[in-house]
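Got the viewer open and a selection box ready? Here's a short walk through the model, one pick at a time.

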Amino acid sequence: MSAAMRIGDAWRQAGRRIDRLDARLLLEHVCGCAYADLLARPEREMSGEQASRFDGLVKRREAGEPLAYLVGNAWFCDLEFAVSPAVLIPRPDTEVLVEVASEKARAVENPGVVDLGTGSGIVAILIARRCPQALVTAVDVSVAALDVARANAERHHAHIRFLEGDWYAPLGEERFDIIVSNPPYVAEGDPHLQLNGLPFEPQHALTDGVAGGNGLACIRRIVAGAADHLRAGGWLLMEHGYDQAVEVRRLLWNAGFVDVASWKDAAGIERVSGGRA
Ligand SMILES: C[S@@+](CC[C@H](N)C(=O)[O-])C[C@H]1O[C@@H](n2cnc3c(N)ncnc32)[C@H](O)[C@@H]1O
């Protein structure tokens, strides 16, 4: 157990080891205090137990573990979501997928929407909130991820049916107006998987499991199965890597989709591609 210490001293010392903002957020998490407390009452004491917990979290952050896992939540589209190491940490890149899918859903009366590979549930939950008349289903192969997604749906009052299984398998012969997915799209062994905290995230959420490939194995499967699960005129919309749009459009054309298009993220990168059945 560490000795009790002042929060201002703890912040200053941790700020030499990790990013100062991260140190502040970890301190707020452990002590349940607000930023204003840190500034206005730096002499406030944290207990020995809090000091030990804080030091443990600072060590984990020093080792590269993402802040979101340490505090157990992350922000996406102005909402706070619970996250655990069972789920991918929400990325701002995914906002464009939510926007395009919500717009397509709003154009249909009582649209049936399925989110394949829901993870923390962010995509399904945002669509359900933005398009309240939608009937939203969310699928994931990970039971642990579905537990996190269910808790997030409850927290944000989103009515979603959650199903466990491999892509379309739990859906039987059901058809939808919109299939949306942010699937794993990094090739196994890609050196990027060693950067920016990615080793701490679930590898089955990041990689398509094919070493040395182009990362498109999951997208290929989702495209191949879509015709059996889309209603006439329904949309398949998928997020993909920064350099995969051309290949994903080609897969969609070859599978007979029409109105094939890509949408850019805030950085101007083609991040979502889709087409109509
Ligand atoms: C890139 S993450 C996306 C998570 C979330 N939708 C998001 O945008 O943050 C991909 C998700 O696909 C799930 N997944 C991987 N393989 C799957 C499969 N064969 N069937 C269903 N889900 C799968 C993973 O468990 C993971 O939650």
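Start with strands E8 and E11: they run parallel and are joined by 5 bridges. To see one of those pairings, pick Val 180, whose bridge partner in E11 is Leu 237. Bear in mind as you click around that this is a predicted model.

Now keep E8 (176-181) on screen and add E5. These two strands also pair in the parallel sense, over 4 bridges. Select Val 114 and you'll find Ile 179 of E8 standing opposite. How many residues of E8 are buried? The count is 6 of the 6, so the strand is largely enclosed by the rest of the structure.

Next stop is helix H10, residues 217-226. Color Cys 218, Ile 219, Ile 222, Val 223 and Ala 226, which are buried. They cover an arc of only 135 degrees around the axis, which puts them on the same side of H10. What do these buried residues pack against? Show strands E5, E8, E10 (207-211) and E11 (230-239), plus helix H11 (245-254). So E8, the enclosed strand from the previous stop, is one of the elements packed against the buried residues of H10.

From E8, follow the chain into the loop that leads to strand E9 (186-188) and stop at Pro 184. Is Pro 184 buried or exposed? It is buried, because 20 other C-beta atoms lie within 10 Å, and 20 is the cut-off for that label. Setting aside neighbours within four places in sequence, show its contacts: His 204, Ala 205, Leu 206, Thr 207, Asp 208 and Cys 218. Cys 218 should still be colored from your H10 selection, being one of the buried residues there. For a distance check, draw a line from Pro 184 to Asp 93: they sit 91 residues apart in sequence and 14 Å apart in space, C-alpha to C-alpha.

Now select the ligand and the 22 residues around it. Gly 117, Gly 119, Val 141, Asn 182 and Ala 205 come nearest; Ala 205 is also one of the contacts of Pro 184. Coloring the shell by class gives 12 nonpolar, 8 polar and 2 charged residues. Helix H7 (122-130), strand E6 (135-140) and helix H9 (203-206) each supply at least two residues of this shell.

Finish on H7. Of its 9 residues, 7 are buried, so the helix is largely enclosed by the rest of the structure. To highlight them, pick Ile 122, Val 123, Ala 124, Ile 125, Leu 126, Ile 127 and Ala 128.

Terms used. Residues are numbered from 1 along each chain as its sequence is written. This is a predicted model: local features need pLDDT of at least 70, side-chain atom pairs count only at pLDDT 80 or more; totals for chains, interfaces and linings use all residues. A residue is near a molecule or strand if its C-beta atom, placed from the backbone, lies within 6 Å of it. Ala, Val, Leu, Ile, Met, Phe, Trp, Tyr, Cys and Pro count as nonpolar, Asp, Glu, Lys and Arg as charged, and the others, Gly among them, as polar. A residue is buried if 20 or more other C-beta atoms lie within 10 Å of its own, exposed if 12 or fewer, and partly exposed in between; C-beta atoms are placed from the backbone. The arc is that of the directions from the helix axis to the C-beta atoms. Two residues are in contact if their C-beta atoms, placed from the backbone, lie within 7 Å. Two strands pair if DSSP finds at least two bridges between them.
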